[in-house]
Amino acid sequence: MRLAKFVPLALMLTAAPLAAQDAPPAPAPAKAPPPKLVVVVSVDQFSADLFAEYRNRFTGGFKRLLDGAVFPAGFQSHAATETCPGHSTIMTGDRPTRTGIIANDWYEWTGPRPGSVYCAEDPSKGPAKDYVASDIHLRVPTLGERMKDADPDVRTVSVAGKDRAAIMMGGHKVDQLWFWRDGKGFISYAGRTEPAAVIAANAAAKAEIAKPGAAFAEPDWCKPVDRAILANGQTVGAGRFARPAKNEPQWKASPAFDSAIVGLASAMVRDMKLGHGKSTDILTIGASATDYVGHTYGTEGSEMCIQLATLDQTLGKLFAALDKTGVDYVVALTADHGGNDIPERERERAMPMADRVAHALTPKTVGDAIAKDMGLTGRILYGVTNGDVWIDPKLTGDQRAKVLAAAVARYRADPQVAAVYTQAEIAAAPLPEGPPEGWTLLQRERASFDPARSGDFVVFLKPRITAIPPGDYPGAVATHGSPWDYDRRVPILFWRKGMKGFEQPLSIETVDIMPSLAGVLGFALKPGDVDGRCLDLDSGTASTCP
């Protein structure tokens, strides 16, 4: 009798799916038309840690982006967390092992100018001290290039405070490309005519540099971090960017620099009427001041707090100007790398292991010691304390092998060193897969490796060991460039008017930005074209990906 009572209910439960199968499928949600303007902003040295620390304080441009698709755990997943490699990933969708941009600088022993090569120069066209900016080292196309190849009416504009930022995001085929060069203002490749916007921006910037700079206002929420501290012989932590007249370096290491960069970008949008043509236009902006502030003052004092508060308002002005154009635009914002604070302040904040690297670990010092032991003359090791190291190619094969073995042994025995990998070990490692936070140090280096450009071996310092020896690099107190997550983790934010925002705390990579924008644009990429993947930026049942 009990079973009989349940028969009608069982029939109802089995009948419902059959009825559903007879119903026509719901139509797929209509995909939004592509925007007319893509705006990509890279905030140099804007770490995920800084984003988390200040995100609830933002009231301007950053706040607007927080209403979009928020990925607080983005990764510049490779080990070489420097400006040039990081910017090379954003608009190409490829890691440095494919872009060829393995560092800001590397050594090439053959070619027109053997020795150190800068990532954004043509060494065949000038000396290192007066280098000629170039895109020749970038081995892959950017999104803007791909779109221009498919549609010549697409216009691409790249503006940045650093040439390596503008070039690596703009790529090889840029309609307008402008970057700051000390003593000259915003410049471009030789032979390019200065548009009115650049002429005006240079006049304004030079006038500002020529006069003393007043202190910036300090928001109340910056006061808890406003405290002076001695770092590598310099007092930092309580500054407000007051500066004397004619001091260009201090002007660059202040919010005023980003105001000039973003102001020029806004003027280019206005004058070129970007987004008003029949095709989608691309604008990339490299906001460089945060990096200069981080190097000059560290990341946890009043200087960085004021810098981010001001940049928030500067970005707000940019978006307001874009709104006035009436153009449908999409924004992506990220960073080329993160950054670490000064060890002196970290030690006061529960990090007793924080320190500066010993002079004994510089490649020249290690090389000199090995040369003395082996009876060699001249310099035998070149490179950086935390990254790639090259052995002098003039040594014989047997000498090189002995130097490599001795250098690896010395570095591995040092208590400040986390790991050392030879080029052979790196080349033999498979390309990394899976979430970037789980990659080993060797996998992180493999994502930065290029056999024609990378060093004979790579050295990684332990976490929180700053690669600035005591007393070295006057004017710089903090840096980045390590394989650790405080340098790898960056925010990735997308915004478009009318989109339904969401936050995804799981990790993604900066190489995902380019294919995600391609998806929004409906621009087809072939499978395997890039290292990154398309992120669905629609939080509902529709998808922005193919």
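Helix α7 is followed by Gly-171, whose phi is positive, near 90°. The model is a predicted one, and the helix that ends before this glycine is a convenient place to start reading it. Eight of the eight residues of α7 are buried, so the rest of the structure largely encloses this helix. The buried residues are Asp-163, Arg-164, Ala-165, Ala-166, Ile-167, Met-168, Met-169 and Gly-170. They pack against strands β1 (37–43), β4 (115–118), β5, β6 (176–181) and β10, and against helix α4.

The contact with α4 can be followed in more detail. Helix α4 spans residues 83–90 and α7 spans residues 163–170; their axes are 7 Å apart and the packing angle is about 25°. Angles under 35 degrees count as roughly parallel, and α4 and α7 are therefore roughly parallel to each other. Their crossing is right-handed. On the α4 side the contact involves Thr-83, Cys-84, His-87, Ser-88 and Ile-90, which meet Arg-164, Ala-165, Met-168 and Met-169 of α7. Sorted by class, the residues of this contact are five nonpolar, three polar and one charged.

Helix α6 (residues 143–150) is also mostly covered, with six of its eight residues buried. These are Leu-143, Gly-144, Glu-145, Arg-146, Met-147 and Lys-148. The buried residues of α6 pack against β5 (156–160), β10 (281–287) and helix α19 (513–521). Strands β5 and β10 also appear among the elements that the buried residues of α7 pack against.

Helix α12 (residues 302–325) takes part in two helix pairs described here, and the direction of the partner differs between them. With α10 (residues 255–272), the axes come within 10 Å and cross at roughly 10°. Helices α10 and α12 are therefore roughly parallel to each other. From α10 the contact draws on Pro-255, Asp-258, Ser-259, Val-262, Ser-266 and Val-269, and from α12 on Ile-306, Gln-307, Thr-310, Leu-311, Thr-314, Leu-318, Leu-322 and Thr-325. The contact of α10 with α12 has seven nonpolar, six polar and one charged residues.

The second partner is α11 (residues 289–297), whose axis comes within 10 Å of that of α12 and crosses it at roughly 170°. Angles over 145 degrees count as roughly antiparallel, and α11 and α12 are therefore roughly antiparallel to each other. Here Ala-289, Thr-290, Val-293, Gly-294 and Tyr-297 of α11 meet Glu-303, Met-304, Gln-307, Leu-308 and Leu-311 of α12. By class, this contact has six nonpolar, three polar and one charged residues. Gln-307 and Leu-311 of α12 are listed in the contact with α10 and in the contact with α11.

Further along the chain is an open sheet of four strands. Its strand order is β13-β14-β16-β15, and the pairing is antiparallel. The edge positions belong to β13 (381–383) and β15 (417–422); each has a single partner strand, so one side of each is left without a neighbour in the sheet. On average, and with direction ignored, neighbouring strands of this sheet are turned by 25° against each other. Strands of a sheet pair through backbone hydrogen bonds, either parallel or antiparallel. Strands β14 (residues 387–391) and β16 (residues 457–461) run antiparallel and are joined by three bridges. Asp-388 stands opposite Val-458 in β16.

Two helices lie across strands of this sheet. Helix α14 (residues 363–374) lies across β13 and β14 and runs at about 170° to β13. Helix α15 (residues 397–413) lies across β13, β14, β15 and β16, and runs at about 160° to β15.

Two loop residues remain, each with an unusual sign of phi to inspect. Asn-232 has phi near 50°, a positive value in a residue other than glycine. This asparagine sits in the loop between β8 (229–231) and β9 (234–236). With a relative accessible area of 14%, Asn-232 is buried. Tyr-473 likewise has a positive phi, near 50°, and is not a glycine. The loop that holds Tyr-473 runs between β17 (465–466) and α18 (485–488). Tyr-473 is exposed, with a relative accessible area of 53%.

Terms used: Residues are numbered from 1 along each chain as its sequence is written. This is a predicted model: local features need pLDDT of at least 70, side-chain atom pairs count only at pLDDT 80 or more; totals for chains, interfaces and linings use all residues. Side-chain values use heavy atoms; hydrogens and water are left out. Axes are lines fitted to C-alpha atoms, for helices over the stretch in contact, and angles run from 0 to 180 degrees between N-to-C directions. Angles under 35 degrees count as roughly parallel, over 145 as roughly antiparallel, 65 to 115 as roughly perpendicular and the rest as oblique. A crossing is left-handed if the near helix is turned anticlockwise from the far one by less than a right angle, and right-handed if clockwise. Contact means heavy atoms within 4.5 Å. Ala, Val, Leu, Ile, Met, Phe, Trp, Tyr, Cys and Pro count as nonpolar, Asp, Glu, Lys and Arg as charged, and the others, Gly among them, as polar. Two strands pair if DSSP finds at least two bridges between them. Buried means under 20% relative accessible area, exposed over 50%, partly exposed in between (1.4 Å probe, protein chains only).
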